[in-house]
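This report looks at packing and open space in one protein model. Please view the structure below, then read on.

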Amino acid sequence: MLKYLPTTSRLFSRCVTSVTRTSHLQKHRFLSRMEDSVVVRCVAGEPKLTISFILDGSHRHMLRDQTEELGKVLLRIANNAARGGGQGGRAKKSKKSKAPQAAAEPVVVKLLYNGEPVSEDAENSEAWQDGMTLHIGEMRYEVQRNGPNFTRAQLPGCLLAGFPVCPRLEVEFGRLEDCELTWYKHEATISPEGDASTREAEWVPAGNGRVFVPSNLDIGSRLKVVATPRDGARSGPPKELVSVATVEAGPGWCTCDNRHAYTGREAGPEGLRVLSYNILADVYAQTEMSRTVLYPYCPPYALQMDYRFNLLLKELAGYRADLLCLQEVDTGVFSDSLAPALDAYGLEGTFRVKERQHEGLATFYRRSRLRLLSRHDVMISEALASDPLHSDMLERLSANPVLKDKVLHLSTTLQVSVFEKLNEPSNKLCVGNTHLYWHPKGGNVRLVQMGVALQHLSHVIQQEAPGAAFIFCGDFNSTPDSGVCQLIQGGLVPDSHPDWVSSGPEEALPMELRSPLPPLLSACGDPAYTNYVGGFHGVLDYVFLQPDSLEVDQVIPMPTHEEVTSHQALPSVAHPSDHIALVCDLRFRP
């Protein structure tokens, strides 16, 4: 097995920032276009606009008020052109003589549209438009307003052979799916003299597209990608990104590899592949308790997010899911890593952070399959305290002030999304995603949280999507014999259920709790476990569905026990989380 060599870099860390340069060849081509163009950036709501062009071989960059009259800008350009010499017969002093030269001749500057001058009384925001021509003496410039441009372009700091690499790209006035990316790998050669200190770099074409997977042959090489921003036929200045890190050996086999044999293709046109996964937040994985108590068997480098993200992206991409409900997603991991990378695979994501914490819930959906109609996310404690929909639960909870105070101080969040299938718009889908209170003795708290969650979900379906099918995913921190699962699958939890007294007599509050929704079905059946750490293994994660509107086509088999324990427990060098993803194919009932 190939061994991963640990790095101290953090994913997209400032200390391992990609070197960003402009490709020499593409830069030459772009500058050739720039010599005949004036590039204008004008955004509604911003007070200024920028006007950039090349004059007498020098870049000119002007920052002007959008409400300023065009005539003032043209006069400023004319004065600059006169001082600069060249076009228009400008004169200037000789560097060898203090004698004044002939007076500078005026430079005629005009902005034309279809051969007619644009009114100099027009405001800048209206005057500078595509298709216009700027005349500076004998020079002609075509106006390009709000052309595509990268505002951010970065390569990850950790590159593993066999694992996908996706640059983080943010484009203004363009579409990421239109952008062109060409990949190169670096091959160093020793000079004919044989002096290793004079190694010559050679960049060899390696592929195209937003995703590149280096092979074992690339170990030790750096990568380069040349990215050109585009918006249809329009293009902007290319960026060249060169990795600081070299490609390293990956772990070889991963726990997801055999599962991917069942997901080599997307679900059929009538189907919908659904995934639920607690990906282990970096904010928790990097604690001293995680390294020494929870996961002492996992090498420290394999707990770092830069390493784990390689495994995670390969796993998620390989499942080809249409709907992904993720828990324990760090705020920065979502914005800097997950969202840009999964976008390259056709997935759009929404995020809801937990209040007072740095992680939360993310729901991704395949743009070619689903359209997001509305979102109805809530923090459960906030909804309980302020929404009249939960007044009955709040009143009952008031009978135990200790338990009430505990519940109202938790930041547990519920993410709710309503979709429609693009090929069947009549098929609406309501999707819930949550991560309930974690404490092993917190069964009573989780019951209250689930009661609020089901009430909110029922209200959303009735008000926003009557008749919609329903899927409820998440890490419920509840085993199959818990009150939470009984409430979801059976519709009723009696006041005698032991979870009501799970945290001791001081927080006990026995009550009968009914679900406002019909009983739901566990789509992935009864796996042996979904969480496997050194001191515990059991089922905590679920994909629940409404059986009268959805049916199960396929459940992706879980990893074997031998695979899970090949490195003692989870997480490991071959698995990025302490949880295991649940994956299944569903279809709407006729």
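Which residues does Phe 364 touch, not counting those up to four places away in sequence?

## Contacts of Phe 364

The model is predicted. In it, Phe 364 touches Asp 322, Leu 323, Leu 324 and Leu 326. Its other contacts are Phe 334, Leu 338, Ala 339, Leu 342, Leu 347, Glu 348 and Gly 349. Residues up to four places away in sequence are left out of this list.

## Nonpolar cores

Phe 364 belongs to the largest nonpolar core, which has 49 residues. Within this core, Phe 364 is among the residues with the most contacts, along with Leu 275, Leu 316, Leu 326 and Leu 338. Several elements each supply at least two of the core residues. The helices are H6 (300–303), H7 (305–319) and H8 (331–343). The strands are S19 (271–278), S20 (323–330), S21 (347–353), S22 (359–366) and S31. Helix H7 gives the largest share, eight residues.

A second core is separate and has 44 residues. Leu 447, Ile 488, Leu 509 and Leu 517 are included in it.

## The largest pocket

The largest pocket holds about 1,100 Å³ of space. Its lining counts 40 residues. Nearest its centre lie His 435, Trp 438, His 439, Pro 440 and Asn 477. By type, the lining has 14 nonpolar, 18 polar and eight charged residues.

Helix H5 (288–294), helix H12 (443–464) and strand S31 (531–533) each supply at least two lining residues. The largest share comes from H5, with three residues. Strand S31 thus appears twice: in the lining of this pocket and in the largest nonpolar core.

Conventions. Residues are numbered from 1 along each chain as its sequence is written. This is a predicted model: local features need pLDDT of at least 70, side-chain atom pairs count only at pLDDT 80 or more; totals for chains, interfaces and linings use all residues. Side-chain values use heavy atoms; hydrogens and water are left out. On a 1 Å grid over the protein atoms alone, a cavity is a set of points where a 1.4 Å probe fits but cannot get out, and a pocket is an open set with protein on both sides within 12 Å along at least five of seven lines; lining residues have an atom within 4 Å of a point. Grid points are joined across faces, edges and corners, and a volume is the space filled by probe spheres set on the points. Helices (H or I, at least four residues) and strands (E, at least two) are DSSP runs, numbered from the N terminus. Ala, Val, Leu, Ile, Met, Phe, Trp, Tyr, Cys and Pro count as nonpolar, Asp, Glu, Lys and Arg as charged, and the others, Gly among them, as polar. A nonpolar core is a set of buried Ala, Val, Leu, Ile, Met, Phe, Trp, Tyr and Cys residues joined through side-chain atoms within 4.5 Å. Buried means under 20% relative accessible area, exposed over 50%, partly exposed in between (1.4 Å probe, protein chains only). Contact means heavy atoms within 4.5 Å.
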